[in-house]
Amino acid sequence: MAHASTTFCEDRYRRSFEELSSLGLKLPEGSFAFLASEVLNRVSQHAALQNQMPIQTTDAEIEELSLALISQQSDAGSQFIFDLQSKGASVENVYLSYLAHAARRLGVWWEEDRVSLLDVTVGTGRIYAIMRAMADLFDLPDIHHNKTAVFSAVPGETHTLGVRMAADLFRKSGWEIDLKIGLSHDDLVADLAKSNHVLIGLSGGGEHCIVELARLVVALRISNPKALIFVSGNIVTESREVIESMDVDAMSNDFEEAHALMDQLWTQAKASARAKT
């Protein structure tokens, strides 16, 4: 199967699916079901917005897509979405009218024991990968003249001195940093979705918050598809191999290196913005 590069990045689709599958193997037992639920819930929430879209789905279409997403043919679901785009469906319609309702249906099937946990994890992994493959179709967040980013501790993390110090140091070097501390997972994701930042820095104090970090990154890849994500803190030292499967853009637990990497990400974001104009 060959997807048009202007509408669907097949390489990113395969890479994202493989990374999410690898992540499931590296996290504590049972954690991948937790991530699958996050994908299903996060995506299916968009179904409530379907009435705002000019194209309405049919039950037969959602049934076909849902079955394709859990079929033994790894490209069946992505081919369904590619065909929709070829017929003129916008990225908003794909998200809100198709993938959202398919995610909701997989969730119902899971609750009713009509599909196995393996089916659901495969299906949600493919939904996530499709969304990542379409990320370039979304509008870029606003790129300001000054370097700007949002820093946040992983929800539930009590060791926040490091991220506070990092925010202060970046501010002293000329960055505008919006610091988020003490928010719940859902509140943080909602806040970041509205803030439209191009750079998001996440900090964790150690391996103890690796599952929450994974959940947060998955959620942000759905709610902020064009954002660049940077991870810092002791969690990088203790769980680098796991974070490498999270589809983040950069990570470091050294301030000087982190500063250089953030500068690189900012340059990358500005270059992408210029290319779109």
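Contact here means heavy atoms within 4.5 Å, and the tour below uses the word in that sense while moving through a predicted model.

**First stop: helix 1 and helix 6.** Select Arg12, Tyr13, Ser16, Phe17 and Leu20 in helix 1, and then add Val122, Gly125, Arg126, Tyr128, Ala129, Ile130, Arg132 and Ala133 in helix 6, which are the residues that they meet. By class, this contact of helix 1 with helix 6 brings together eight nonpolar, two polar and three charged residues. With the two helices displayed as axes, helix 6 covering residues 117–133, the packing angle is about 140° and the axes lie 8 Å apart. Because angles over 145 degrees would be needed for roughly antiparallel, that value makes helix 1 oblique to helix 6. The crossing of the pair is right-handed.

**Second stop: the cavity.** Keep Leu20 and Tyr128 selected, and add Glu19, Leu23, Ala214, Val217, Val218, Ser245, Met246 and Asp247, so that the residues lining the largest cavity are on display. Helix 1, which spans 10–26, and helix 9, which spans 210–223, are the elements that give two or more residues to this lining. The count of cavities of 30 Å³ or more comes to one, and the volume of the largest cavity is about 50 Å³. In the lining, seven residues are nonpolar, one is polar and two are charged.

**Third stop: helix 2 and helix 5.** Move to residues 31–44 for helix 2 and residues 91–111 for helix 5, which pack at an angle of about 135° with their axes 7 Å apart. Helix 2 and helix 5 are therefore oblique to each other, and their crossing is left-handed. To see the contact itself, select Ala33, Ser37, Leu40, Val43 and Ser44 on the helix 2 side, together with Leu99, Ala100, Ala103, Arg104, Leu106, Gly107 and Trp110 on the helix 5 side. Coloured by class, the contact of helix 2 with helix 5 shows eight nonpolar residues, three polar residues and one charged residue.

**Last stop: helix 3 and helix 4.** Select residues 59–69 for helix 3 and residues 76–86 for helix 4, whose axes are 7 Å apart and whose packing angle is about 140°. That angle makes helix 3 oblique to helix 4. Which residues of helix 3 meet helix 4, and which residues do they meet there? On helix 3 they are Glu61, Glu64, Leu65, Ala68 and Leu69, and on helix 4 they are Ala76, Gly77, Phe80 and Ile81. The residues of this contact divide into six nonpolar, one polar and two charged.

How values were computed: Residues are numbered from 1 along each chain as its sequence is written. This is a predicted model: local features need pLDDT of at least 70, side-chain atom pairs count only at pLDDT 80 or more; totals for chains, interfaces and linings use all residues. Side-chain values use heavy atoms; hydrogens and water are left out. On a 1 Å grid over the protein atoms alone, a cavity is a set of points where a 1.4 Å probe fits but cannot get out, and a pocket is an open set with protein on both sides within 12 Å along at least five of seven lines; lining residues have an atom within 4 Å of a point. Grid points are joined across faces, edges and corners, and a volume is the space filled by probe spheres set on the points. Helices (H or I, at least four residues) and strands (E, at least two) are DSSP runs, numbered from the N terminus. Ala, Val, Leu, Ile, Met, Phe, Trp, Tyr, Cys and Pro count as nonpolar, Asp, Glu, Lys and Arg as charged, and the others, Gly among them, as polar. Axes are lines fitted to C-alpha atoms, for helices over the stretch in contact, and angles run from 0 to 180 degrees between N-to-C directions. Angles under 35 degrees count as roughly parallel, over 145 as roughly antiparallel, 65 to 115 as roughly perpendicular and the rest as oblique. A crossing is left-handed if the near helix is turned anticlockwise from the far one by less than a right angle, and right-handed if clockwise.
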